[in-house]
Structures are given as C-alpha cells and as structure tokens.
Amino acid sequence: MSDKIPVTVLTGYLGAGKTTLLNRILSEPHGKKFAVVVNEFGEVGIDNDLVVGADEEVFEMNNGCICCTVRGDLIRIIDGLMKRKGQFDAIIVETTGLADPAPVAQTFFMDEDVSSKTRLDAVVTVVDAKWLTERLKDAPEAKNQVAFADVIILNKTDLVTAEELSAVEAQIRAINPYAKIHRTQRAGVDIAEVLGRNAFDLDRVLELEPAFLEESHHHHHDEDVQSVSFTIPGDVDPAKFMPWVNELVQQEGPNILRSKGILAFKGEPKRFVFQGVHMILDGDLTQDWKPGEKRQSKIVFIGRNLNREALNKAFLACAA
C-alpha cells in the first residue's frame, strides 16, 4: 500500500456547490483530518470563511486561478504540508469555478517533489443541474471540468424536472462516459463515494489529452468574466440590502454568474451568508460573530459586464 498522501481535487463551475460539498466532508464524523487548500477568483476571500471545519487547516489562495497564476503557490503549499506528514490523512484542493482541472491534476505528476509524496486520488466535479446546459454552451471550463472528472456530483436536482435531469445527465455522459455520477440536493452524498476512491486514471486522461504529461499548458480564461468585490467595515441595514440585492439579480441575473457574501446585519449576533447563481439567491444566518471579532460585510460578484462603480455605490448605500 502506497504511503503517499491522497489528494482529492474538488472542482465545478461557479455556484455549483463545491463549498457545500466540502463542508459536508469536513462535518461528517469520519475521524479523519484533512488539510484543505481553497482557491478563489476574486480580490476578497470569502470561501475560507465559508468552510466550517474548525479542526481543519485551510490554506487560501486568492486573486488568481489555481491552474494559472497561483499554481506555484499550490506547489509551495503542498511542499509545506509534506514537511508535516502524519498530522493529516488527506489533502483536499478546492479550485475556483473557472479552473481547468487538467493543469491542477498535472501538478501531481509533473512536479517531482509533489509527485513523490502525494497521489491524486480523484477529480471530483460538482455540476449544477439547472445551469450546466447553459454553461456547456458558453464556458469551456465547465466542459473540461466534466471531461476530467472521476466522480461527478450532479447537484441541485430539486431545481429541475425529471425530464430536464435526464437530459443533463445525457449531456454529461456524452462528454464523460466513465465518471461515476451521483444525483444530489445540497451536495448530499456519502463521503465514501467521494474520498478514497483511488479513481484517477492516468491512461484515460492521456487518451483525452495526450499532452497531459508535457510541461506546456496554455489555459485562457474567458476574459469577459470578471470578479468585483466590496467591503463595508461594519454593519449593513437588511431593510436596505435585501430589496437592493433581490432587484439587482432580477435585472442583472443573466450577467451575474455567481454572487456571495458574508454580512453583519445591524443588531444581529449571527453572520448572514448569501449565495447566488444568476437570479437565484439563497441566504441564511449562520454562526455567531466571535467576541472581539471585527464585524464587517463583504460581497463578491463574478460575471460579465459588471459595473463596478455602480455596484460599489449601491452596496455602500446599504451601510447601517
């Protein structure tokens, strides 16, 4: 049995439910300890705060995509983790929604130090049953994420009809006939189906991408997609914020691929976390602000044709 540390690459397009799945993995009573590497596409990190595992160490990589500009950071983080071998059982790498998983997976074969100490267990891709069909038309990353998956979490099945679900699954099968597919709501899947799969198949990947083990990688993101983020160093008035954000996503929803935020509502001891994909918003009160913790409100929008100035002005107007 190899003593290499297993690595799971968790990928999926913006808003598909990657962090929800990650939180499920970290919350289950499995007795294992994970090192978690989270990569975000945005100037203000939010995903780190959305990861629940109090005992886990979370390494955050912001302002660049893991498959491009911050790949060196990934290698450095993995190298650092290897010096502390024995303190965790496995590594989970959550990519940005815009990452091509191929070069991320490549890191575990091409970098000598990393490949001698780790083993890529599986690429797990979370897909959004409602929006995957659209993304396959306009986002090449979404197709690559499906193509490279060893395990696919077909999530948000409650948002589509049975016929739509069958059609989406057929689309997935046409791209990747090999991956194990799990239909889920809120990424509810047995973690034994996700971790410890020993499923990454290098031969299949070389069939898909013959140049996989060559150094050159040219991944060009959709340059129309931008990320804008804003912070209010204090509380927000929910009576101002909620009508504004609801109206915003109704009007600009087609351009907003993803929205998320952690807000301090005036007079509320708990954080309010909201997540959105296009015009669908979901939000709830989560854990308490800790004693002495600085209350602040931050939001991120990822999409096309976003008016940074107007969004910033409108968000600042929601300050309490």
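**Aromatic contacts and charges over rings**

In the predicted model, Phe200 is classed as buried because its relative accessibility of 12% falls under the 20% limit. Phe109 has a relative accessible area of 29% and is therefore partly exposed.

The model contains eight aromatic pairs. One of these joins Phe109 and Phe200, whose ring centres are 5.4 Å apart and whose planes meet at 35 degrees, an arrangement classed as tilted. The two residues come from distant parts of the chain, 91 residues apart: Phe109 belongs to helix α4 (residues 101–110), while Phe200 is in the loop between β7 (180–183) and α9 (202–208).

A further pair is formed by Trp244 and Phe301, with 6.3 Å between ring centres; their planes stand at 90 degrees, so the geometry is edge-to-face. Because Trp244 is located in helix α10 (residues 238–252) and Phe301 in strand β12 (residues 297–304), this contact ties together parts separated by 57 residues in sequence. Both Trp244 and Phe301 are buried. They also belong to one aromatic cluster, which is completed by Phe241, Phe265, Phe272, Phe274 and Phe315.

Charged side chains are also placed over aromatic rings. Lys130 lies over the face of Trp131, 5.6 Å from the ring centre. At Trp289, the ring is covered by the charged end of Arg271, at 4.6 Å from its centre.

Terms used
Residues numbered from 1 in each chain as written. Predicted model: local features only at pLDDT ≥ 70, side-chain atom pairs only at ≥ 80, totals over all residues. Heavy atoms only, no water. Phe/Tyr/Trp six-rings, centres within 6.5 Å; stacked < 30°, edge-to-face > 60°. Helix = DSSP H or I, 4+ residues; strand = E, 2+ residues; numbered from the N terminus. Buried < 20%, exposed > 50% of the residue type's maximum accessible area, 1.4 Å probe, protein only. Lys NZ or Arg CZ within 6 Å of the ring centre and 35° of its normal.
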